[in-house]
Amino acid sequence: MSTMGNSTNIFWQESPIGKLERQKLLNQKGCVVWITGLSGSGKSTLACSLSRELYTRGKLSYILDGDNLRHGLNKDLGFKADDRTENIRRVGEVAKLFADTGLICIASLISPYRKDRDACRAMLPDANFIEARLLEDGLHEHVRQEIQKAFTSLHVLERLKIFSPYLDLISLHSRSYIQPGFTGIDDPYEPPLNCEIEIQQKDGDCPTPGAMAGEVVSYLEEKGWDVYQQASGSNM
Ligand SMILES: Nc1ncnc2c1ncn2[C@@H]1O[C@H](COP(=O)(O)OS(=O)(=O)O)[C@@H](OP(=O)(O)O)[C@H]1O
Ligand SMILES: Nc1ncnc2c1ncn2[C@@H]1O[C@H](COP(=O)(O)OP(=O)(O)O)[C@@H](O)[C@H]1O
């Protein structure tokens, strides 16, 4: 482990262009949208849909997806509690840098431990960390209803076709049953107590990816994250 934290001869170097200038250039405010939820709850789907939605509105975002980062930056980490904590800490630090560039950084990780997510929140100025929790019930209910429909009304071949869009989800759940230490099966997931956004089913329906992204975009618009305003505070 690094001993950097204890060094006394390391000094902060100021950059000539600050966050305010960068935000003004981009006409948006840098923040972190942190998407948390169980495996298969739709985190990556929401992250991609949100990034696309923001792009069409002329807003620059960047996705930090847990799966992808585990191919590079975090390839030395596994799924034991300490590794997950270090995984989240590193992504929190990277997300903080991205937000400082003026980007809307979308971090999408299971991030099962509340204290780790809260530590990332604490790295940023107030309100720059927007936690969005995906409640998996909507998606699972959607799959359940599709399976039920397939078995009650269709020919066998058509039934099989119905399953094809969910092969990922089915394989994920199958894997989770044979792999020890899987979040939500035999490893804990601690839901946020007070997150900014909670996405769940409405009237038994799973929201479409576009609708999920819409909920986050509405939040950002309502709070003014999508547009830079000189008067809106120096620290944002
Ligand atoms: N033991 C165990 N528990 C949970 N998840 C596992 C595990 N082993 C592998 N995977 C796959 O890794 C993806 C989650 O990586 P994360 O970096 O988001 O996890 S964490 O935040 O550090 O808990 C996760 O991807 P998503 O399904 O996209 O969430 C899993 O496919
Ligand atoms: N809103 C949705 N409606 C229908 N299918 C979805 C929705 N969100 C995700 N899915 C599907 O569920 C599966 C898991 O989604 P994914 O985004 O990979 O979850 P996670 O990143 O949380 O593991 C994928 O096959 C994806 O296409």
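**Two ligands and a parallel sheet**

In this predicted model, a backbone N or O atom of Ser41 sits 3.2 Å from an oxygen atom of ligand 2. Lys43 makes a similar kind of approach, with a backbone N or O atom 2.9 Å from an oxygen atom of ligand 2. On the nitrogen side, a polar backbone atom of Pro207 lies 2.8 Å from a nitrogen atom of ligand 2. Of the 560 Å² that ligand 2 exposes when taken alone, the protein buries 78%.

A wider look at the surroundings of ligand 2 helps to place these contacts. There are 16 residues around this ligand, and Gly40, Lys43, Ser44, Thr45 and Pro207 come nearest. By residue class, the shell holds seven nonpolar, seven polar and two charged residues. Helices α2 (43-56), α8 (167-178) and α9 (209-223) each supply at least two residues of the shell, and α2 gives the most, with three.

Ligand 1 can be described along the same lines. An N or O atom in the side chain of Ser39 lies 2.5 Å from an oxygen atom of ligand 1, and one in the side chain of Asp67 lies 2.8 Å from an oxygen atom of this ligand. A polar backbone atom of Gly181 is found 2.8 Å from a nitrogen atom of ligand 1. On its own, ligand 1 has 630 Å² of accessible area, and the protein covers 91% of that.

Around ligand 1 there are 20 residues, of which Ser39, Asp67, Arg70, Asn87 and Ser111 come nearest. This shell divides into seven nonpolar, eight polar and five charged residues. At least two residues come from each of α3 (66-69), α4 and α8, with α4 giving the most, three residues.

Next comes the sheet. Five strands form an open sheet in the order β2-β3-β1-β4-β5, with parallel pairing. At its edges are β2 (61-65) and β5 (197-199), each pairing on one side only. On average, neighbouring strands are turned by 20° against each other, direction ignored. Within the sheet, β1 (residues 31-36) and β4 (residues 129-134) pair in the parallel sense over five bridges; Trp34 has Glu131 in β4 as its bridge partner.

Helices pack on this sheet as well. Helix α4 (residues 81-101), which also supplies residues to the shell around ligand 1, touches β1, β2 and β3 (104-108), and its direction makes about 150° with that of β1. Helix α5 (residues 114-123) touches β1 and β4, with its direction at about 155° to that of β4.

Methods
Residues numbered from 1 in each chain as written. Chains lettered and ligands numbered in written order. Predicted model: local features only at pLDDT ≥ 70, side-chain atom pairs only at ≥ 80, totals over all residues. Heavy atoms only, no water. Near = heavy atom within 4 Å. Polar contact = N/O pair within 3.5 Å; in protein donor to acceptor, adjacent residues only side chain to side chain. Areas by Shrake-Rupley, 256 points an atom, 1.4 Å probe, with all protein chains shown as cover. Helix = DSSP H or I, 4+ residues; strand = E, 2+ residues; numbered from the N terminus. Nonpolar A, V, L, I, M, F, W, Y, C, P; charged D, E, K, R; others polar. Pairing = 2+ DSSP bridges. Axes fitted to C-alpha atoms, helices over the stretch in contact; angles between N-to-C directions. Contact = heavy atoms within 4.5 Å.
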